[in-house]
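Here are a few notes to read alongside the structure, set out as numbered points. I hope they help as you look around the model.

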Amino acid sequence: MDAKTTSNEVQRRILDAVDEAFDRQIETTKQFSAIPSTRGAEGPCQDMMHDLLRARGYEVDDWRINVDDLKDLRGFGPIEHDFSRARSVVGTYRPAREAGRSLILQGHCDVVPAGPLDMWDTPPFSPTVRDGWLYGRGAGDMKSGTIAALYALDALRAAGLKPTARIHFQSVIEEESTGVGALSTVQRGYRADCCFIPEPTDGRLVRSQVGVIWFRLKVRGKPAHVYEAGIGANAIKAAYHLLQALEALEEDWNRRAASDRHFKVVKHPITLNPGIIKGGDWASSVPAWCDVDCRIAVLPGWSIADHQAEIVACVEAAASRHPFLAKNPPVVEWSGFLSEGYELTGADEPEAVLRSVCETVYGGPMKDLAFTALTDTRFYGLNAGIPSLCFGANAEAMHGFNERVEIESVRKTTRAIALFVAGWCGVEAA
């Protein structure tokens, strides 16, 4: 059965199966979200996913990521932390009869730091259901989506169906800082006719998404006791001078973005974010150093190398106008993402399937989204030529306090994924 022949009766069986298991699905989501899988600590989440896939009878490929295998590939970003235990986990379903189109279903299990715990209403790694929402770090971004994909496949089986095409269920890390988890699956050879990543998009299809560059300003000053501060050079204040220049660059890039066919309707799609600042050693000493970690976006089609060069030129020009930095120039280091933007193209067939699914599940036409964040879809689209869909639930406060995902939207996402798999891969009686 394909998208054109899936009967209303079969669709109803699939949707009923989603509903019957939904309470268990939310419990699994809570267990998955309770694991504090921040960067470098994703192992327990990958253990759990390995076990979930193995229990369902999938072939499980669980491997340590070797950075040397990836560093020359398109989209690789520098790794600065201990990566010795980094793993990717892929569960593969192989049909007895190949008749449909193959699929990658992928989610990332890494989450960003929770920040000060006393600023959360409930503990970030004690997932809590309240007023129709599931609260917790990673509940929205994107552990609920990953578990939704897993239970969508379960629903097909519970409905007495089995897909007629190969499916790779991929759990990756590093989505929040480099993307090398997804890149490792490409390097390892995983391919399919389509990729589907259920990041939270509030029921919209990501039509175009930004790329991201991470960089660090390393500013050096001259220490002195504050009673004679005039003989020193304050590195923290000098860093502010550079950030003001970069804000002007940000505005210039936004003016360029006004001509982009997808992002011209988005106000200020390019954002410079000074995300981490460290500097100085003593409150009564003029600080001799300041490091500022920054993130800035780029649009699809923009060269990463060219925009790196613009950042460096901006910093150099600003330093030349500063009395101390002119003779003591700062350094720009690349500290993570060096990621191109991605525009979904060549995806007419999977889009048609998803469009039909949206009519059934959401009761209306599929909506598009120009996304001012990035997702792992870029690796499959840009590196492997695989049309890559990003579509998922409604989440709020991602990367913030009291992150949450709307539970009913998770149900709809699960239904949509299950029907998409049936329509794209095809199904037959189990």
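1. Helix 2 (residues 22-33) packs against helix 3 (residues 43-55) in this predicted model. Their axes are 10 Å apart and meet at an angle of about 150°. Angles over 145 degrees count as roughly antiparallel, so helix 2 is roughly antiparallel to helix 3. On the helix 2 side, the contact uses Thr28, Gln31 and Phe32; helix 3 supplies Cys45, Met48, Met49 and Leu52. By class, five of the residues in this contact are nonpolar and two are polar, with no charged residue.

2. Just past helix 3, please have a look at Tyr58, which sits in the loop leading to strand 1 (59-64). Is Tyr58 buried or exposed? Its relative accessibility is 8%, and the cut-off for buried is under 20%, so Tyr58 counts as buried. Beyond its neighbours within four places in sequence, Tyr58 is in contact with Leu53, Gly91, Thr92, Tyr93 and Leu153. Tyr58 and Ala418 are 360 residues apart in sequence, while their C-alpha atoms are 17 Å apart in space.

3. Two helices are mostly covered. In helix 4 (residues 139-158), 18 of the 20 residues are buried, and in helix 5 (residues 180-188) the count is seven of nine. For helix 5, the buried residues are Val180, Gly181, Ala182, Leu183, Ser184, Thr185 and Val186. What do these buried residues pack against? Their partners are strand 1, strand 2 (87-93), strand 3 (103-108), strand 7 (167-172) and helix 9 (377-383).

4. Glycines with positive phi follow both of these helices. After helix 4 comes Gly160, with phi near 80°. Gly189 lies just after helix 5, and its phi is about 105°.

5. For the sheet lovers, there is an open sheet of three strands, ordered 14-9-15, with mixed pairing. Strand 14 (342-343) and strand 15 (367-371) are at the edges; each has a single partner strand, so one side of each has no neighbour in the sheet. Strand 9 (residues 204-209) pairs with strand 15 in the parallel sense, over five bridges. Within that pairing, Gln209 has Phe371 of strand 15 as its bridge partner.

6. How is the chain divided into domains? Domain 1 covers 3-209 + 341-429, and domain 2 covers 211-339. Taken over C-alpha atoms, the centres of the two domains are separated by 34 Å. Their contact involves 23 residues from domain 1 and 18 residues from domain 2.

7. Two loop residues make a nice pair to inspect. Arg261 lies in the loop between helix 6 (235-257) and strand 11 (272-279), and Asn394 is in the loop between strand 16 (388-390) and strand 17 (395-396). Arg261 counts as exposed because its relative accessibility is 57%, whereas Asn394, with a relative accessible area of 13%, is buried.

8. The surroundings of these two residues are worth a view as well. Not counting residues up to four places away in sequence, Asn394 touches Trp133, Asp202, Arg404, Val405, Glu406 and Ser409. For Arg261, the C-alpha to C-alpha separation from Ser208 is 9.6 Å, with their positions 53 residues apart in sequence numbering.

Technical notes: Residues numbered from 1 in each chain as written. Predicted model: local features only at pLDDT ≥ 70, side-chain atom pairs only at ≥ 80, totals over all residues. Heavy atoms only, no water. Buried < 20%, exposed > 50% of the residue type's maximum accessible area, 1.4 Å probe, protein only. Helix = DSSP H or I, 4+ residues; strand = E, 2+ residues; numbered from the N terminus. Pairing = 2+ DSSP bridges. Axes fitted to C-alpha atoms, helices over the stretch in contact; angles between N-to-C directions. Parallel < 35°, antiparallel > 145°, perpendicular 65-115°, else oblique. Contact = heavy atoms within 4.5 Å. Nonpolar A, V, L, I, M, F, W, Y, C, P; charged D, E, K, R; others polar. Domains from an automatic or database assignment.
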